[in-house]
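This report describes how the strands of one sheet are arranged and how the helices are placed against them.

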Amino acid sequence: MNAIGTDMLSLEVDKGVSEVIPSKLTALLLQAMTQNTALLKDAAVLDFGCGAGHLSFKALDCLASNVIGIDCDEECIRSFERNIANSVYNRKQFELELVRGLDKLPKHYHGTTDVAICNPAQ
């Protein structure tokens with residue numbers, strides 16, 4: 001673990017259908033989140049295309065209250081679940097959802113988050 005929480009290098013990364021591999025863009029997004037922790041503190045965060053959870057874990061490291069991770073790839077959700085199990089965080093801080101398109105986003109998520117984050121497909 002680093003000074004504020006999750007060791008990003010220890011997270012399992014899915015190499016399945018979506019070829020989720022942390023990139024330079026991911027590193028920049030993680031850095032931007034670290035530099036803007038006030039935006040995330042106590043926030044409910046929606047992570048579109050959550051993959052294995054890199055941005056979600058960083059949000060919690062920045063003291064977000066909870067994370068809703070959404071992805072269209074079942075293997076990504078499974079990888080994220082394994083990463084949660086191996087993390088210091090309480091499973092209750094996460095909600096993961098397999099969604100096959102933004103138009104399929106369940107209505108119960110509408111208006112329930114403070115911040116949305118996304119790491120565009122690579």
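## A parallel open sheet

In this predicted model, S1 and S2 run parallel and are joined by five bridges. Within that pairing, Asp47 has Gly69 of S2 as its bridge partner. Strand S1, which spans residues 44-48, also pairs with S4 in the parallel sense, here over four bridges. Along this second pairing, Leu46 has Ala116 of S4 as its bridge partner, while Val45 stands opposite Val115 in S4.

Taken as a whole, the sheet is open and is formed by four strands in the order S3-S2-S1-S4, with parallel pairing. Its edge strands are S3 (94-98) and S4 (115-118), each of which pairs on one side only, and from one strand to the next the twist averages 20°. Strand S1 is mostly covered, since four of its five residues are buried.

Two helices lie across strands of this sheet, as the table sets out.

| Helix | Residues | Lies across | Angle |
|---|---|---|---|
| H3 | residues 54-61 | S1, S2 (66-71), S3 and S4 | about 170° to S2 |
| H4 | residues 74-85 | S2 and S3 | about 165° to S3 |

Helix H3 has a further place in the arrangement, for together with S1 and S2 it makes a β-α-β unit that is right-handed. The two strands of that unit are thus the pair joined by five bridges, and H3 itself lies across S1, S2, S3 and S4, whereas H4 lies across S2 and S3.

Technical notes. Residues numbered from 1 in each chain as written. Predicted model: local features only at pLDDT ≥ 70, side-chain atom pairs only at ≥ 80, totals over all residues. Heavy atoms only, no water. Pairing = 2+ DSSP bridges. Axes fitted to C-alpha atoms, helices over the stretch in contact; angles between N-to-C directions. Contact = heavy atoms within 4.5 Å. Buried < 20%, exposed > 50% of the residue type's maximum accessible area, 1.4 Å probe, protein only. Right-handed = clockwise from strand over helix to strand, strands pointing away.
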